[in-house]
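Colleague: Could you take me on a close look at one part of this model, the strand pairing and what surrounds it? I would love one connected account, with the cut-offs spelled out as you go.

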Amino acid sequence: MKKDKIRKQGQVIETLPSLLFKVKLESGEEILAHLKGKLRRYRIKILTGDKVTVEISLYDPKRGIIVYRLK
């Protein structure tokens, strides 16, 4: 459900194998995030240093989904 997720801005600090990324949020927290389906499908490149929007679940605040790459 949409209510179970929080959207935050962050910056990719490390690229890990199998499309996982370490993202540092504006609040200073570091989370592990993977790509949302459309980013994967259209092969949007995410590199270290990119600013991204992440959806974080309330149930596991250390993992998230990258939903948008900012310009």
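Modeller: Happy to. Let us start with E1 and E4, which run antiparallel and are joined by seven bridges; two strands count as paired if DSSP finds at least two bridges between them. Strands here (E, at least two residues) and helices (H or I, at least four) are DSSP runs, numbered from the N terminus. Please keep in mind that this is a predicted model, where local features need pLDDT of at least 70 and side-chain atom pairs count only at pLDDT 80 or more, while totals for chains, interfaces and linings use all residues. Residues are numbered from 1 along each chain as its sequence is written, and side-chain values use heavy atoms, with hydrogens and water left out.

Within the E1 and E4 pairing, Gly-10 has Val-52 of E4 as its bridge partner. Gly-10 also stands opposite Leu-25 in E2. E1 and E2 pair in the antiparallel sense over six bridges, and Val-12 has Val-23 as its partner in E2. These two strands form a hairpin with three residues between them, and Ser-18 in that turn has a positive phi of about 55 degrees.

From E2 the pairing carries on to E3: the two run antiparallel and are joined by five bridges, with Lys-24 partnered by Glu-30 in E3. E2 and E3 also make a hairpin, this one with four residues between the strands, and its turn residue Gly-28 has a positive phi of about 100 degrees.

Now the salt bridges (a side-chain nitrogen of Lys or Arg within 4 Å of a carboxyl oxygen of Asp or Glu). By that rule there are three. Arg-7 forms one with Glu-55, their closest N and O atoms being 3.1 Å apart. Arg-7 lies in strand E1 (residues 5-16) and Glu-55 in strand E4 (residues 51-57), so this pair ties together parts that are 48 residues apart in sequence. Glu-55 is buried, at 5% relative accessible area; buried means under 20%, exposed over 50%, and partly exposed in between, with a 1.4 Å probe and protein chains only.

Lys-8 forms a salt bridge with Glu-29, with 3.6 Å between the closest N and O atoms. This pair links distant parts of the chain, 21 residues apart: Lys-8 is in strand E1 and Glu-29 in the loop between strand E2 (20-25) and strand E3 (30-35). Lys-8 is partly exposed at 28%, and Glu-29 is partly exposed at 32%. The side chains of Lys-22 and Glu-14 meet in a salt bridge at 3.8 Å, N to O. Lys-22 is partly exposed at 28% relative accessibility, as is Glu-14 at 35%.

Finally, the core. In soluble globular proteins, nonpolar side chains tend to be buried together. The largest nonpolar core (buried Ala, Val, Leu, Ile, Met, Phe, Trp, Tyr and Cys residues joined through side-chain atoms within 4.5 Å) has 13 residues, and those with the most contacts inside it are Phe-21, Val-23, Val-52, Val-54 and Ile-66. E2, E3 and E4 are the elements that give two or more residues to this core. Val-23 is worth a pause: leaving out residues up to four places away in sequence, its contacts (heavy atoms within 4.5 Å) include Gly-10, Val-12, Ile-31, Ala-33, Val-52, Val-54 and Ile-66.
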